[in-house]
Amino acid sequence: MLRVYHLLFGAILLVLMPLGVKFVLPYFSTTRVEKPNPVTTATPSISPQTTPSITPNQVEENIWKKILGEIATPNGWQVAPCPGNAPLLCVSSKGEILGTVEIGVYPVKNNPDFQKNLTVAGISLSSKVDYQSPKYQTQVSQALRDWVADLYATLAKDRQTSYGNKIVFSAYPPQQSSVGKLQGISYGFIGLKQEGGVQEQHIGHVAFDGTKLYVINTAFDPGSVTGKFEKLENLAIFQPYLSAIAANLKLPI
């Protein structure tokens, strides 16, 4: 029943998106950066197009192999860590890659911007992690929301410079989400063509475990290299399943 419901949801969303998205997503933000031509391989290098300028951990193997938990998929689809060491999750059907989901793991000690978000929220790097404390959870949530706000501001400037008034950008209001046992925030944005249709759509989750920031994202975006779906309708179908996958991750490690 879950699969049928979300397939119907995805189809309805696709039909309504060109007409109704301006009403559903009223918060405008983000702009466009020049990116390489898209490729179909599942394991290119990490692309930081939807994260601030921070350096991820060096990855020795595909981290999805370690953290992927119980998964649910649309009928006939498969989800598994992509071959190779790149931190990509492959979504496929009948042997064809439909899209990939990317995860970045960023040590907070190397990220002064998020350190500022934590400080403003009342958390120091030496603070003891207390996942059961309502106060700590509230502070983490505030720091993550501030991180998303900074991201939106950066992207808004990019898109305005690159596209001007040709594309209308709208940021999704951040929402509380679960990333494994960690409290997270879901976020995203969409770019709408003035003549109708979607230029790009990005969705993601971000969480903090006390020392590292986990950033999970995927998109429909012809300009992206990794962490993308080739077809908008497939992203719409997969979106609710991504939330379920994030909630079942084996995090913290």
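Which two cysteines form a disulfide, and how far apart are their sulfur atoms? In this predicted model, the bond joins Cys82 and Cys90, with the two sulfur atoms 1.9 Å apart. The structure holds 1 disulfide. A disulfide is a covalent bond between the sulfur atoms of two cysteines. The torsion about the S-S bond of Cys82 and Cys90 is about 120 degrees, and the disulfide is therefore right-handed. Cys82 and Cys90 are both buried.

The overall architecture of the protein chain comprises 5 helices and 9 strands. Along the sequence, these elements follow the pattern α-β-α-β-β-β-α-α-β-β-β-β-β-α. The protein chain has 253 residues, of which 51% count as buried.

Two strand residues illustrate the range of solvent accessibility. Ala80 belongs to strand 2, which covers residues 77-81. With a relative accessible area of 36%, Ala80 is partly exposed, since the partly exposed class lies between the limits of 20% and 50%. Along the chain, Ala80 is 20 residues from Thr100, and the C-alpha atoms of the pair are separated by 9.7 Å. Val101, by contrast, is located in strand 4 and has a relative accessibility of 0%, so that Val101 counts as buried. A separation of 9.8 Å is found between the C-alpha atoms of Val101 and Val79, which are 22 residues apart along the chain.

The loop between strand 3 (88-93) and strand 4 (96-107) contains Lys94. The phi angle of Lys94 is near 55 degrees, a positive value in a residue other than glycine. Most residues other than glycine have a negative phi, and most peptide bonds are trans. Lys94 has a relative accessibility of 83% and therefore counts as exposed, the threshold for this class being over 50%. A further positive phi, of about 60 degrees, is adopted by Gly164 just after helix 4.

Helix 4 was examined with respect to its span. The 30 residues of helix 4 should span 44 Å at 1.5 Å a residue, and the computed distance between the end C-alpha atoms is 42 Å, which agrees. Tyr136 is placed in helix 4. Because its relative accessibility is 8%, Tyr136 counts as buried, the limit for burial being under 20%. Tyr136 and Ile123 are separated by 13 residues in sequence and by 8.1 Å in space, C-alpha to C-alpha.

Tyr136 also contributes to an internal cavity. The model contains 3 cavities of 30 Å³ or more, and the largest cavity has a volume of about 50 Å³. The lining of the largest cavity consists of Tyr131, Tyr136, Gln137, Val140, Leu182, Gln183, Phe208 and Gly210. At least two lining residues are supplied by each of helix 4 (134-163) and strand 7 (182-193). Helix 4 provides the largest share of this lining, with 3 residues. Classified by residue type, the lining of the largest cavity comprises 5 nonpolar and 3 polar residues, and no charged residues.

Helix 5 spans residues 232-247 and has 16 residues. From the first C-alpha to the last, helix 5 reaches 23 Å, close to the 22 Å expected at 1.5 Å a residue. A kink of about 40 degrees is nevertheless located at Gln239 in helix 5, shortly before the proline Pro240. Pro240 is itself one of the buried residues of helix 5. The remainder of this buried set consists of Leu232, Asn234, Leu235, Ala236, Ile237, Phe238, Tyr241, Leu242, Ile245 and Ala246.

Another proline, Pro252, is found in the segment after helix 5. Leu251 and Pro252 are joined by a cis peptide bond, for which omega is about 5 degrees.

Technical notes:
Residues numbered from 1 in each chain as written. Predicted model: local features only at pLDDT ≥ 70, side-chain atom pairs only at ≥ 80, totals over all residues. Heavy atoms only, no water. 1 Å grid on protein atoms, 1.4 Å probe; cavity = no way out; pocket = protein on both sides within 12 Å on 5 of 7 lines; lining within 4 Å. Points joined across faces, edges and corners; volume = space filled by probe spheres on them. Helix = DSSP H or I, 4+ residues; strand = E, 2+ residues; numbered from the N terminus. Nonpolar A, V, L, I, M, F, W, Y, C, P; charged D, E, K, R; others polar. Expected span 1.5 Å × (residues − 1). Bend = angle between axes of the 7 residues up to and from the residue. Buried < 20%, exposed > 50% of the residue type's maximum accessible area, 1.4 Å probe, protein only. Disulfide = S-S within 2.5 Å.
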